[in-house]
Each structure stands twice: as structure tokens, then as C-alpha cells.
Amino acid sequence: MAASVSTDKHSLRAKYLEERDKRLRPDGNEQYLRLAGTSLAHYLADPYMPVVEREPVTDHVTVALIGGGFAGLITGARLKEAGIDDVRIIEKAGDFGGTWYWNRYPGAQCDTASFVYMPLLEETGHVPTEKYAHGPEILEHSQRIGKQFHLYDNALFHTEVKDLKWDSERSVWIVRTDRGDAFTAQYLTMGTGPLHVPKLPGLDGIDDFKGHSFHTSRWDYGYTGGDPSGTLMEKLADKRVGLIGTGATAVQCVPHLAKACGELFVFQRTPSSVDVRGNRPTDMAWFENEVLEPGWQQKWLDNFAANQTMQRVSEDLVQDGWTELAGRVRSRIRGLPFWKMTPKNMLAAFEDLDDEKMSEIRARADETVSDAETAENLKAWYRQLCKRPCFHDEYLQAFNEPGTTLVHTNGKGVERITQNGIVANGQEYPLDCIIYASGFEVGTDITGRNGFELTGRDGLKLSDAWADGMKTMHGIHTHGFPNLFILGGFQGGALISNVPHNFVEAGRTIAMMVRHAIDNGHKEIEVTQKAQDGWIKLLRRGRGNLIGALSDCTPGYYNNEGQPAGTGSELQVGYPKGPVKFFKFLKQWRESGRFKGIAFR
Ligand code: NDP
């Protein structure tokens, strides 16, 4: 059995490093398989909606939005509100929703409170039914936004962009897709998200397995029975199922599998930290009496961002795991006498709190899991923000189900796949079905991951322009690529605990700029080289990149699988003064109507 919880700081640090070192491997991201164009490409097929034949499109639109997830939907809605009707969303899935279209595994649920996570609630009038809404409700909400803002009218589904070229004679982008489309768009937004390309572990024999297998983002309800609402997957009652991976996805689907499967084997390389969830239905009377007022969602968004980034605020409206953690740090730091408020002491206070929190989370395993060895093996030995923190009230309990076995591999992971099943710890586990909860490509190059190149002015390729790191102003505009808007977090708010908030602010900004260009007869919008250089200089003065700060963490996609972060990664940062100040700055920037740093032609 592994060592028990230690409160001694020194030995805890040593234990964390020992656990990290067990998992470090030289191949980093290369340990995973990219599926497109290989014999494994069938793992990418859409199990939810059939692909409908259609004629290629060869027309012109004012704005093309790549990606029909939250980024594209929010920006599309803001453009429509600004009176720009001629917009087209291009989406590789069969409907809107992005990650919520694909991730229909049982138990899928948002991790950030739905009142701030789900966008455009006030505009649509939807009130989330739970503090943490489940997948089907979020998918339906995406469709609601699509319908209300008439974004279905011109959308292209089951369509992947293959090439984007700037035509400087006509000041338009030429968009080519895998469905033979070749149309032009005056403006282009890229809301492709960081987690949309599923990956499989690079295991010998992965092609040989004779049973059934799928990735969690392509759940095969035809095989399992049940449905995304969590109805019992009755077809698994006589099946031996193996699940590879114990990240945020596995934490949510394991409880459902444990109830349904004849036998379930959960193959674990690194345990997740699983804190209390505390989900509850929305009390409508409370919502109507205490929340509902014009502008309520923006107030909640701003309040969440302020709490989460430890600003001075009088109340915590959202009260979830993220703001609770931040609140604890804030009060601990405020508890220091003012002469002790040095950066070193503040970091030490933060570390102490982290140790306390992680000890609590490890103690949860002992309190919840009946088998002592399984409980020990479910404990996470790293700092809470080393990996995506998880929150769940049924995950640990699932290991008390008689048919559920945790296959702890002590950091080594699954060894290989055979015709019959999975080999781990030198033992073969014969299985009927393998489910890969092995995550998504993150640290890979953006062009390869997205599957298309952007060629801007004078033949400049985005992969060359960014060869030594992402370069933008505000994370939205990049020099050499006129009329292109990027929707993400880096080099802007970088609020990763509530990603949609970044899109809310960017969407407003983009709609205002396009409106301004149209009203003033401009055909091109481009950030100047000088303004972009100035922004990069400002970012470099900040606190440095996330990946560097996580180098002593156990490997995962948060720290580039424990590898040196690579050229330009120091630019994967946010505004040095944090998201709250960035959002305020961006609001003033756009509302001034001067759009400083942008050349309109
Ligand atoms: P992750 O990348 O977080 O997890 C992949 C899992 O596969 C890890 O546990 C990894 O282990 C494991 N793994 C990889 N190779 C092997 C192997 N050879 N043997 C055994 N295990 C292996 O993917 P997820 O899909 O779980 O989550 C991805 C992200 O999606 C989350 O971090 C989160 O950002 C988002 N998400 C958000 C949710 C929400 O908001 N509600 C819900 C679900 C996901 P190891 O840790 O050792 O690398």
C-alpha cells in the first residue's frame, strides 16, 4: 500500500516529486495517437447524426464563423444583434454545441456553475435547472441560441474547413471545406476551441482488439443502451467493460458505468483530485426574487471573475469550488500582518492552503471508499491546480459497487491492447468493450490539430507567422491576417475557469468592429505591426507562462505532459493585470469607438 496522508511539508513535497518522476516520459505529447487519416479514423465518426448529402456552396457571406460551439454561437448572436445578418457558421458536427455536441457520455455536466458557464441566459430567458447543468440541457441551450438568433439559416454542418486564403484584390477570405465548398467571406472568426480533437493512447495492439470500443466523445448508446440523460445502460448488464483514463470525463461517467456494467475495470495512471460537488436544483423563487434583474448575468460573470482571481469584492454570488478555493487563499493572505505581506509569504500561504485542501480531498477517499487499498490508490499526490480539479459526489462511491475494480498501475498506465482486452501490470484483462477516456489533443501544433492552414496577406502562413509563438493584440487580432478574429483566451483575459466569459467579451468587441467598418465603408480591419508588438511587449512584462509555473507538477496537458514547453510557449499567457482588468480595458477600448492599434482601410 502507498504511504498514508502526510501533513509534513517536506515529505509531502518529496512525495509529490516522486509521483511526478514516476510519470515523466520523454515522448510527452507523442505518446498519443492522432486519429485523422489513419486506420483509427473511424473513432472520429459521428454516432449521433447522419451526414446529409448537399451541394457545395460557392457564394459570399459577410462573416464566416468557424466552429459552432459557444465561441461561434456567442459571436454569431452579437453580430446578429448588431444588424449583421449575413453570417455563416461552419461546424464539423451535425449541430451546434461544440464540446456539448460531442461529449454526450452519461453524467456529462458543467464544472463551473451554470449561471456563469451557460452563455446568453438573459437574452434567451433560459434559467438553468441545476447549479451544474447536465449535458443535454447545455446542448439544448446551444440549439436555443442557434434558433433565437437565426444562426441555423445559413449554417454548414458536418463540414470541416480545409483551407483559408486571403484574397487581397477583393479583400475577402476564400474558404474551402471537405464538402467541396469554395465561398468567400469578408470577415472570419476562429472559435475552434482547445479540446476538440480526440486522441488515443499510443498502445501496441490498439488495432487488434476484437471486441467493441469507442472514445468517450463518441459514446455508442446503440451498444451500451441508455441515453445521455443518464438512463441505465441496460445493454451493459452482461458485459465486461474496461475504461482507460481517470480525468474529468472519467470522473463523470464512471458512476453510470459502475451501476450498469456486469463488470467494470477502471485503468488508472494518475488519480484525479475529486472534491465535493454539491449540485442542487435551481430554486426558482430564489432566482426570481434575488437574482433576476436587468443585467444580472453580466453582474454574475464579473463577480465570478473577480472572486476567482482574488480581487477585493464584498460578495461571492456564484459560490462554487473555484471561488471557494480563491476565497480561502484571499482570507489567508489578508490574515497576514501587513509587514508580512511579501510575495514570498503570500506564495507560502497559498501553498499551505493547497496542502490543506489536497489533504482534505485525499481524506475523502478514505471516508468514502470501503476498501482501504482502493481508497489509497485513488489519492491524488500533486497540487490542486496541477491537473483539472474535479468535483463529484458519486465517483469515489462507485468503487464500492461490487462489480467495479480500480486497476491502479502506479503511474505506468496500460501496457498494451490484445485481441481479447487490456494488459496492465503484466496481467491481461479479457473484455467485451474498451472505452477510451483518454482526452483530447492540446499541446500539438494548431495547424495540424485544426487540419487547415491560414494564408494571409502576401502569402504569409499562420504557422510561419506564429512559428516562434502566438502573436496577437488582445488575443483577437493578428498582423498580416486582415479581417480575421481569433476567439480564445490566451493573450487576452485567459480566464480558464470560465472559458465562455472570454467569448462574451470578444464577441461584443468583434460585432462592434464589424459594424463600425460597414458603417464607415471600410473593407479591411487589421492590427498594425506596432500595436501588436506593443501588446506582446506588455505580455512579456507579466508573470510568465502557466506551463513554466507547473513544471514541478505531475504530467498532463496543463503542463505540456511535463516536457519543456517549446518555442513561444511563454506567450501563452493572459493580460498581466488579470482577466477582470482586461475585460474592463477591452470594454473601454471598444466603446471609445477609436479602436486604437487597428488600421481600417
Ligand atoms: P484528460 O486528458 O484529462 O484525461 C485523459 C486520461 O487518460 C488521464 O487520466 C490520463 O492519465 C489517461 N491515460 C492516458 N494514457 C493512458 C494509459 N496509457 N493508461 C492509462 N491511462 C491513460 O481527458 P478528459 O477527457 O478526462 O478531460 C479533458 C478536459 O476536458 C478536462 O481537463 C476539462 O478541461 C474538460 N472537461 C470538462 C468537463 C466539464 O467542464 N464538465 C468534463 C470533462 C472534461 P494521466 O493523467 O496519467 O495522463
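Here are a few questions and answers on the ligand site and one helix pair. This is a predicted model, where local features need pLDDT of at least 70, side-chain atom pairs count only at pLDDT 80 or more, and totals for chains, interfaces and linings use all residues. Residues are numbered from 1 along each chain as its sequence is written, and side-chain values use heavy atoms, with hydrogens and water left out.

Me: How many residues surround the ligand?
Reply: Gln-109, Thr-249, Thr-270, Lys-387 and Tyr-557 are the closest. A residue is near if one of its heavy atoms lies within 4 Å. The shell splits into eleven nonpolar, ten polar and four charged, and the number surrounding the ligand is 25.

Me: Which residue has a backbone N or O atom 2.4 Å from a nitrogen atom of the ligand?
Reply: Backbone N or O atoms of Thr-246 and Ala-248 sit by ligand oxygens, at 3.0 Å and 3.1 Å. The protein buries 90% of the 920 Å² that the ligand exposes alone (Shrake-Rupley method, 1.4 Å probe). The 2.4 Å partner of the ligand nitrogen is Gln-109.

Me: Which helix gives the most to the shell around the ligand?
Reply: Helices here are DSSP runs (H or I, at least four residues), numbered from the N terminus. The top contributor, with three residues, spans 248–260 and is helix H8.

Me: At roughly what angle do the axes of H2 and H17 cross?
Reply: H2 covers residues 70–81 and H17 covers 499–519. Their crossing is right-handed. The axes come within 8 Å, and the angle is roughly 35 degrees.

Conventions
Polar contact = N/O pair within 3.5 Å; in protein donor to acceptor, adjacent residues only side chain to side chain. Helix = DSSP H or I, 4+ residues; strand = E, 2+ residues; numbered from the N terminus. Nonpolar A, V, L, I, M, F, W, Y, C, P; charged D, E, K, R; others polar. Axes fitted to C-alpha atoms, helices over the stretch in contact; angles between N-to-C directions. Left-handed = near helix turned anticlockwise from the far one by under 90°.
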